[in-house]
Amino acid sequence: MSYQALYRKWRPVTFDDVKGQDAIITTLKNQIKTDRIGHAYLFCGTRGTGKTSIAKIFARAVNCEKTKELDGNPCNQCESCKSILNNSSMNIFEIDAASNNGVDNIRDIKEQVEYPPTEGRYKVFIIDEVHMLSVSAFNALLKTLEEPPHYVIFILATTDPQKIPQTILSRCQKYDFRRMTTDVIAGRIKELIEAEGISIDERAINFIAKAGDGSMRDALSLLDKCLAYNTGEELKYKDVLDILGVQDTITYSEFYRKICSGDIEEVVKNLNDMLSSGCEINQIINDFIWYLRNMLLCGSMKENEAILELSDDNFELLKADYKINDKQSIIAMMSVLSELLNRLRFSTQKRILLEVELIKLTSQRGKAVSYAAVRSEKTNQTSYDPRKTQQSYIPVNTNDSSKAVFDTTTSIASQRTDEVKTENEPASRPVNPEQPQRVNTSVSVNASERLSVIRKNWNKLISELMPSNRAVFSDTKLADENGYITVIFRNSINYRVAATNRFENGLTKLGELTREKLGMDISYRARIAKPSEFDAEGELITDEELGMIHFPIDIEN
């Protein structure tokens with residue numbers, strides 16, 4: 001006999017063999033024992049959670065002669081059970097709606113419904129992926145599903161219940177199958193390898209269970225793949241990582257620390273090592289985002305919770321990593337990587353895009369560790385002081401010639417000589433980005449000049465912010481709307497980060513910097529970009545951009 005995949009060989013044959021769906025199993029067994037069997041069932045849930053397996057067990061149990069003696073389980077020994085197991089029964093019909101989704105297929109079912117079972121008590125129709133049926137097919141099934149003969153049971157299985165008409169849903173008993181936990185999958189794997197006489201490292205079992213992502217079938221398929229790599233020997237944790245082309249938590253911890261330290265060369269080397277080991281770019285980004293998610297949760301929890309699905313060692317590691325940076329920095333990093341995933345779908349140069357984003361993140365977060373240290377030492381310092389950065393500015397000829405200020409190329413430079421705010425002046429008022437305040441300027445300039453000055457110095461302004469906020473404000477545009485200076489965000493996540501962090505280092509901090517460096521007292525407001533607002537920008541080259549080109553261009557009139 002040819003080799004049979006583990007998920008087929010070890011498919012559950014009784015209700016007691018099914019793992020992770022205890023509530024559903026108990027309900028179905030009680031219905032069988034009390035003869036309260038419904039005529040239509042809808043099994044909903046993600047792949048590999050046991051929908052089809054339970055449907056087949058249920059079909060055997062309702063026709064089994066000894067089921068009540070076995071607590072609702074089929075005996076799998078009587079003639080009815082054997083014929084169903086051998087796929088020779090005339091009472092069980094399994095239809096794949098993904099490839100048989102037309103009206104004619106439903107008409108065939110309706111014809112079969114008219115005849116009573118030749119053996120046993122019930123005819124059972126199992127329709128898998130039922131959401132793939134056409135509208136006409138659903139309509140053809142409707143009347144039969146509502147009032148079938150007493151000897152007919154319909155079991156509909158789907159991974160997408162939202163696509164099923166309400167008229168069908170209302171006629172079925174609906175059961176939602178849960179995604180299986182890592183512990184449940186790992187326990188089942190241990191049972192199988194013991195029965196198969198296979199030796200596997202404990203960490204390897206847990207990793208395969210986690211990689212199954214809630215699906216028992218996926219986990220067993222991965223186990224099959226790993227066993228083929230290392231036949232006759234103990235399967236090690238490192239072997240599993242190599243086969244599946246993924247990295248463990250320690251690798252991503254080192255990767256994260258290199259980014260926070262600002263070591264661009266090491267970050268690029270680490271990325272190259274991961275790619276050389278066989279990891280896909282999308283997989284690296286997804287796993288790194290998941291690592292950052294776990295880090296955020298670890299920083300918020302005192303003890304290792306089941307939701308994390310982490311070992312105690314990894315929990316302590318992520319908790320230590322969480323202290324390296326502030327929460328907003330981690331959220332901003334996740335936002336950048338999530339946005340990158342969307343762009344990679346349409347790119348043919350995925351590696352270049354990833355390297356560029358990593359270099360940006362590393363450059364922006366080079367001072368994150370030092371800032372965290374300063375903040376812990378000086379707990380009474382509530383805001384980040386931009387004057388302590390190494391930013392260099394073009395000096396302006398003022399009374400205080402030693403003061404370094406931003407470059408202002410409009411007439412405002414000559415007007416602000418005696419109007420620069422002092423260092424001890426209180427911070428600007430808190431800003432609500434959804435209910436902005438009117439802009440007040442300490443310099444008499446019109447709106448166009450004011451906006452022009454801010455635009456020219458925008459990059460320097462945001463470079464004074466904490467590393468986490470630089471990324472948030474990097475992809476924005478400015479506008480003067482009804483007397484307000486508005487920061488327009490392309491990304492809704494960045495907008496929310498800026499809005500929630502405005503008092504510490506967001507919009508309010510920009511107002512302080514604008515007052516200090518440009519001599520203008522401005523309260524900023526923020527909003528999310530309207531559809532196509534950014535798309536239209538950048539298609540035309542401005543005169544200012546044209547002047548930056550380093551070779552002559554002849555313009556024809």
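Me: In which helix do Arg351 and Glu355 both lie, four residues apart?
Reply: In this predicted model, Arg351 forms a salt bridge with Glu355, with 3.0 Å between the closest N and O atoms. Arg351 counts as partly exposed, at 35% relative accessibility. The two residues are four places apart, about one turn of the helix, and the helix that holds both is H17.

Me: Why can residues three or four places apart in an α-helix point the same way?
Reply: The explanation lies in the helical repeat. Residues at such a spacing point the same way because an α-helix has, per turn, 3.6 residues.

Me: What separates Arg188 and Glu191 within helix H8?
Reply: Arg188 and Glu191 form a salt bridge whose closest N and O atoms are 3.1 Å apart. Arg188 is buried, at a relative accessible area of 11%, whereas Glu191 is partly exposed, at 37%. Because they are three residues apart in helix H8 (residues 182-196), their separation is about one helical turn.

Me: Is Lys238 buried or exposed?
Reply: Lys238 and Asp242 meet through their side chains in a salt bridge of 3.2 Å, N to O. They are four residues apart in helix H11 (residues 237-244), and therefore about one helical turn separates them. Asp242 counts as partly exposed at 39% relative accessibility. For Lys238 the relative accessible area is 57%; with exposed meaning over 50%, Lys238 is exposed.

Me: Which residues are linked with Asp16 in a network of salt bridges?
Reply: The structure holds 26 salt bridges. Some of them join into a network that includes Asp16, and its other members are Lys29, Lys33 and Asp71.

Me: Which helix supplies the largest share of the largest nonpolar core?
Reply: This core has 36 residues, of which Tyr256, Ile285, Phe288 and Leu292 touch the most other members. At least two of its residues come from each of H12 (249-261), H13 (264-276), H14 (281-300), H15 (312-322), H16 (327-344) and H17 (350-364). The largest share, 10 residues, comes from H14.

Me: How many residues make up the other core, which includes Phe93 and Phe138?
Reply: In the largest core, Tyr256 has contacts that include Phe288, Tyr291, Leu292 and Met295, leaving aside residues up to four places away in sequence. Apart from that core lies another, with Leu141 and Phe154 also among its members, and its size is 27 residues.

Me: Which strands stand at the edges of the five-strand sheet?
Reply: The sheet is open, with parallel pairing and the strand order S2-S3-S4-S1-S5. A strand at the edge has a single partner, so one of its sides is left without a neighbour in the sheet; the two such strands are S2 (92-96) and S5 (173-176).

Me: What angle does the direction of helix H6 make with that of S4?
Reply: Strands S3 (residues 123-128) and S4 (residues 152-158) run parallel and are joined by five bridges. One bridge pairs Val124 with Ile153 in S4. Helix H6 (residues 135-146) packs on the sheet, where it touches S1 (40-44), S3 and S4, and its direction makes with that of S4 an angle of about 135°.

Me: What phi does Gly519 take, just after H25?
Reply: The 12 residues of helix H25 (residues 507-518) should span 16 Å at 1.5 Å a residue, and its end C-alpha atoms, 16 Å apart, agree with this. The helix is mostly covered, as 12 of its 12 residues are buried. Just after H25, the phi of Gly519 is positive, at about 75°.

Notes: Residues are numbered from 1 along each chain as its sequence is written. This is a predicted model: local features need pLDDT of at least 70, side-chain atom pairs count only at pLDDT 80 or more; totals for chains, interfaces and linings use all residues. Side-chain values use heavy atoms; hydrogens and water are left out. A nonpolar core is a set of buried Ala, Val, Leu, Ile, Met, Phe, Trp, Tyr and Cys residues joined through side-chain atoms within 4.5 Å. Buried means under 20% relative accessible area, exposed over 50%, partly exposed in between (1.4 Å probe, protein chains only). Contact means heavy atoms within 4.5 Å. A salt bridge is a side-chain nitrogen of Lys or Arg within 4 Å of a carboxyl oxygen of Asp or Glu. The expected span of a helix is 1.5 Å times one less than its number of residues. Two strands pair if DSSP finds at least two bridges between them. Axes are lines fitted to C-alpha atoms, for helices over the stretch in contact, and angles run from 0 to 180 degrees between N-to-C directions.
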